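Work through the exercises below with the model open. Each task is followed by a stepwise solution.

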Amino acid sequence: MPVAPTDPSAPGDAAPPSYAIGGTLTGLADNSKLVLLDNGGDALTLAANGAFGFAAPMAFNTAYAVTVSTSPWWQNCSVSNGSGTATADVSGVQVSCVDAQAQVSTLAGSNVQGSADGTGAAASFNDPQALKVDASGNVYVGDTFNHLIRKITPDGVVTTFAGSGTAGSADGTGTLAQFNAPDGLAIDRQGHLYVADSYNNEIRKITPTGVVTTLAGSGTAGAAEGTGTAAQFNNPGGIAVDASGNVYVADIDNHKIRKITPEGVVTTLAGSGTAGSADGTGASAQFSSPWGVAIDASGYVYVTDNGNSTIRKISPAGVVTTFAGSGTRGFGDGNSANAQFKGPSGIAVDSTGNVYVSDLDNYAIRKITPAGLVTTLAGGTAGSTDGIGAAAQFSLPWDIELDASGNLYVATNHSIRKITPLR
């Protein structure tokens with residue numbers, strides 16, 4: 001019969017020897033983290049590919065079992081050669097990570113235009129073009145041509161948060177307020193919602209209780225800087241807010257990125273005011289109909305430069321560079337300089353620096369790593385079909401947003417879609 005292995009070097013009363021357990025990690029995405037366990041404990045966090053080893057050695061003839069505790073959100077990681085009995089140092093555990101496929105589903109709405117509150121497909125929208133998710137997972141929607149701000153709970157229950165449903169420009173609470181084609185949303189740490197009220201050329205602010213006021217903008221199209229209603233915008237679109245409460249606006253028809261302090265003082269962060277595609281600092285840079293803005297944890301502003309079909313990046317000091325896109329309209333994945341977009345619109349940045357873009361005229365959702373590698377997460381064909389990766393369809397995906405867990409939401413097709421990694 002089989003005989004259990006022994007260590008001949010161990011004297012009778014000596015403590016048994018112990019052995020290191022480790023292996024090699026491959027495929028982990030940049031700026032990502034993976035947590036491994038051995039026998040359900042001894043948690044090991046890995047942030048780079050290569051050799052790894054657990055802190056606690058295993059006693060001679062003791063079983064080990066390496067498992068994945070936490071994978072990066074958009075990756076699936078698996079273990080091979082991960083279990084056995086420690087009779088010598090172990091270095092052959094193999095952990096490999098691959099990109100997860102994108103599973104697209106419909107959170108609320110359908111292909112039918114309307115303005116009904118309700119749950120899931122019973123609710124309806126009219127060409128929604130703006131999204132924002134709060135800390136509790138509620139999705140706020142700029143229901144653009146219903147002139148409403150809607151709210152969707154994580155369970156898909158849709159209600160009207162603010163707006164009368166009639167185009168206008170009235171401050172007030174809830175349904176007493178009026179908007180005219182709201183086209184950008186942002187939320188600050190206190191839960192205040194900011195709205196780029198595009199046809200009113202105003203930036204509105206909504207308290208958590210639904211009280212609507214005008215933060216900036218005279219209501220007349222223009223490019224004037226100033227405080228509050230002394231300032232002017234010309235078709236404001238995407239909007240974002242930083243950790244200090246400063247609001248950034250894609251001023252589409254002024255071809256500028258504007259900045260609004262918490263006190264309502266409006267200045268130009270970047271852009272000459274003339275359509276073009278020049279990198280540079282402040283007013284020496286040029287954009288062509290910038291649509292979407294997002295801010296990363298370091299205060300860098302990312303812009304979908306719609307008319308140039310590029311993604312631009314602005315430092316806190318106003319230095320503009322081209323982050324991704326060749327500048328030629330098309331549909332191509334690859335490195336930042338060679339990749340192509342076609343009319344990018346919405347944009348979001350996750351906690352590890354990945355950028356997500358709703359590529360409007362390609363009907364696709366794209367992902368850009370911090371190193372500038374562009375891939376397609378989902379879509380590529382016009383339609384409204386849910387599904388996985390390229391099997392999913394979008395019809396003019398206007399905006400994209402992230403929740404705290406890394407799920408993506410897309411405003412399209414008179415509906416709000418949700419994208420999660422397939423596990």
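**Exercise 1.** Which residues does the UniProt annotation "repeat: NHL" cover?

Solution. The model is predicted. The annotation comes from an unreviewed UniProt entry. Its spans are residues 178-209, 228-263, 286-317 and 336-371.

**Exercise 2.** Take the spans 286-317 and 336-371. Give the end-to-end C-alpha distance and the helix and strand content of each.

Solution. Step one: in residues 286-317, the end C-alpha atoms are 16 Å apart. This span is 50% strand and 0% helix. Step two: for residues 336-371, the end C-alpha atoms are 8 Å apart. Here strand makes up 44% and helix 0%.

**Exercise 3.** Find the disulfide count, then describe the link of Cys77 and Cys97.

Solution. Step one: apply the cut-off, cysteine sulfur atoms within 2.5 Å. The sulfur atoms of Cys77 and Cys97 lie 2.1 Å apart, so the pair forms a disulfide. The count comes to one disulfide. Step two: place the pair. Cys77 sits in strand S8 (residues 75-80), and Cys97 in strand S10 (residues 90-99). The two are 20 residues apart, and the pair links distant parts of the chain. Step three: check the handedness. The angle about the S-S bond is 110°, and the link is right-handed. Step four: check exposure. Cys77 and Cys97 are both buried.

**Exercise 4.** In what order do the five strands of the open sheet run, and which are the edge strands?

Solution. Step one: the order is S17-S21-S20-S19-S18, with antiparallel pairing. Step two: strands S17 (172-173) and S18 (182-187) are the edges, each pairing on one side only. Step three: look at one edge. S17 joins strand S21 (residues 211-216) through two bridges, running antiparallel. Gly172 has Val212 in S21 as its bridge partner.

Methods. Residues are numbered from 1 along each chain as its sequence is written. This is a predicted model: local features need pLDDT of at least 70, side-chain atom pairs count only at pLDDT 80 or more; totals for chains, interfaces and linings use all residues. Side-chain values use heavy atoms; hydrogens and water are left out. UniProt positions are given in the numbering used here, feature names are shortened, and annotations may be inferred rather than shown by experiment. Helices (H or I, at least four residues) and strands (E, at least two) are DSSP runs, numbered from the N terminus. Buried means under 20% relative accessible area, exposed over 50%, partly exposed in between (1.4 Å probe, protein chains only). Two strands pair if DSSP finds at least two bridges between them.
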